[in-house]
Amino acid sequence: MSTVTTTTSVHAPSVGTGHTRVEGRDKVTGAARYAAEVPFAGLAHGWLVLSTIARGRIRALDTEPVLAIPGVLAVLDHRNAPHLNTDYAGLLGKPDPTCAVFQHDRVPHLGWPVALVVAETSEQAREAAEALVVHYEQQPHDVELTSDHPGSHPLDGHMPAVTEKGDLDARLASSTFVVDAEYTTPEEHHNPMEPHAATARWDDGRLEVTDSNQGVTWVAGELQNLFSLDPASVRVRSEHVGGGFGSKGVRAHQVAAVMAATVLRRPVRVALTRRQMFTLAGHRSPTIQRVRLGADAEGRLRALEHRSVSRTSTFHEFVEPSTGAARVMYDADAHHTANHVVPLDVPTPTWMRAPGEAPGSFALEAAFDELAEKCGIDPIELRLRNEPETGPVSGLPFAGRNLAACFREGARRFGWADRDSRPGVRREGRWLLGTGTAAASFPAGSAPSTATATAHPDGTFTIRISAADIGTGARTALALIAADALQVAPERIRMRIGDSDFGPAMIAGGSMGTRSWSWAVKAAAGELRERLALGADIPAQGLTVRSDTTEAVQALRPAERHSFGAQFAEVAVDVTTGEVRVRRMLGIFAAGPIVNPLTARNQLLGGMVWGISMALHEEADRDRASGGVVGADLAGYHVATHADVPRIEADWIEDTDPDDPVGIKGLGEIGVVGAAAAVANAVWHATGVRHRSLPIRPDRVLTAAAGAPDA
């Protein structure tokens, strides 16, 4: 037995000071292994065969010639695959049938998994998969999203589909200024740097899956349900994740790997190619949004309507909740919002960084800029005049809403006061210059989580939590939280994450991960410190305390909890080539106490770059004839690169919620919100032409410059 002293003198707080990533050295030296790099003895490789039609049935599969190819071990399809249970509600509701592979002969979209070929090597599996001949009964398909599609219907997601108050038509009719415009955003894809991969194996009657995901307990729970397994018999590990952005949940490749490992009784790895990810990893649905705003002579809103139509698949419903931002940002006497979906013959969309808020903020904030022009009021002033006192839909108080302070600080640093409000008057040679701004918000939620804190006789501490560090720096942030709770230096903390054996914890999603995990880590470490302060002895195996924040989260006072921000952009537009260049960008955010300024700024900058990419580059075209994405790779799907972002800054202001015992708010998504709108508004200021469809491609700029109406 021994006793550990947690303090040496006065503890210098770790939270709020910059720290490099604790796993940084391992990542840059290659010591950190990702899901497709972990070695296993006797490893076999699976390759998914995807449908070449967009709708129909499988008539036959010519598997015999494939089974004769050297190295091939098995071909799984709907005729011989293990049966799966899909009659359950998991963490996010009913499972998407795409992950329940090989259960029937129906094909609901191009790229539907129809078989898995397993071989000794990845090369053999790929060759055999490409040799497999599948015969189909093809049927007509529909992949085109339109606002008046007969299949359009409202759909609840994590928020109600429709909210209404007041007489919209009457308030619009009595408004001095009215904006009525349609905005569209395209299909977008996550494309994390690390492709999806999973390895499944059975070890002494227990299923172990090594994966790249955003929540090990989430994936473990889904696999338990799908394969009707005892919870204690499933373990999922995901130590290092090379990006997720919402795509790394439960997917076809994990389930197929478990199926193959079950049949062959040896480890099986299934990894997706970049092209396969365009089908099997989810995507952000395109949206068609109509915004109607009515304001009085002073620019105060009297009517607000925001309606969005997105698409879903024909076999699983998912809604892109684009009107969520309007339910928080601005109030009006008549306030109507609605999220509708259209079922089409496409893969099911899914969560993508800043779901709902990213496309929704483009439409709402662009419409607000149009209203400012009509009112003759500065865009920032118009927003400040319409600051709500309580949640426009919920009626709940805001637990901190420092949006006005973000705008004031951002305007000062960006030089907004020197802006000539007239569009199309600034020029440098062939370049037209313009500046724009937009507001940002994203929910700051929390979910129950568990954690353990262990004190060791050598004076070190181990924190275990089923968290996922998807590149955000969560592992480092949690180490700083633990260090302050224990009042020790961060070097004495060992973080263990990404293992479902550590107990339930929130997924890395919805900007809720670090906030939820920090609560659990702080509770466990705090109680451990109290025990040590009372003289508790530490046995050789260590002294461990476990926390569970379920009751604390449920007891949190209801309020509108959000991060807020103000985005600013300056662009240069070449009307002879249609090129749009972002010259500089600034984001000022109110996002609670900042745990690690180094990684926090990295998250905000990354989000803003994503917004630039959304505004100017990203667009997945779906071919009506085939039903598939054209150019499904990083050559055909364009994203912003370093050359597109010459000068970008992100900073924050003080933001506290005295009623919140944690106070931390997520940063992973707020940086995206409003960024595309700020760029689009700057393009209007430069050219005098509104672009209501993203991305703002050179051909659209040229068409507008030729005298076409607003794009």
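**Exercise 1.** Is Asn-191 buried or exposed?

*Solution.* First, some ground rules. The model is predicted: local features need pLDDT of at least 70, side-chain atom pairs count only at pLDDT 80 or more, and totals for chains, interfaces and linings use all residues. Residues are numbered from 1 along each chain as its sequence is written, and side-chain values use heavy atoms, with hydrogens and water left out.

Step 1: take the cut-offs. Buried means under 20% relative accessible area, exposed over 50%, and partly exposed in between (1.4 Å probe, protein chains only).
Step 2: apply them. Asn-191 has a relative accessible area of 15%, so Asn-191 is buried.
Step 3: locate the residue. Asn-191 sits in the loop between β9 (177–185) and β10 (197–203). Helices (H or I, at least four residues) and strands (E, at least two) are DSSP runs, numbered from the N terminus.
Step 4: check the backbone. Phi of Asn-191 is near 50 degrees, a positive value in a residue other than glycine.

**Exercise 2.** Repeat the steps for Asp-204.

*Solution.* Step 1: Asp-204 has a relative accessible area of 78%, so Asp-204 is exposed.
Step 2: Asp-204 belongs to the loop between β10 and β11 (206–211).
Step 3: phi of Asp-204 is near 55 degrees, again a positive value in a residue other than glycine.

**Exercise 3.** Describe the surroundings of Ser-310.

*Solution.* Step 1: find the element. Ser-310 is part of strand β15 (residues 301–313).
Step 2: judge burial. Ser-310 counts as buried because its relative accessibility is 0%.
Step 3: list neighbours. Contact means heavy atoms within 4.5 Å. Not counting residues up to four places away in sequence, Ser-310 touches several residues, including Leu-145, Thr-287 and His-340.
Step 4: look at the side chain. The side chain of Ser-310 reaches the backbone nitrogen of Glu-320 at 3.4 Å.

**Exercise 4.** At what angle do the axes of α15 and α16 cross?

*Solution.* Step 1: define the axes. They are lines fitted to C-alpha atoms, for helices over the stretch in contact, and angles run from 0 to 180 degrees between N-to-C directions.
Step 2: read the values. The axes of α15 (residues 597–616) and α16 (residues 675–687) cross at roughly 50 degrees and come within 7 Å.
Step 3: classify. This makes α15 oblique to α16. Under 35 degrees is roughly parallel, over 145 roughly antiparallel, 65 to 115 roughly perpendicular, and the rest oblique.
Step 4: name residues. Among those making the contact are Met-608 and Gly-611 of α15, and Ala-675 and Val-679 of α16.

Note on methods. A polar contact is a pair of N or O atoms within 3.5 Å; within protein, one must be able to donate a hydrogen and the other to accept it, and residues adjacent in sequence count only if both atoms are side-chain atoms.
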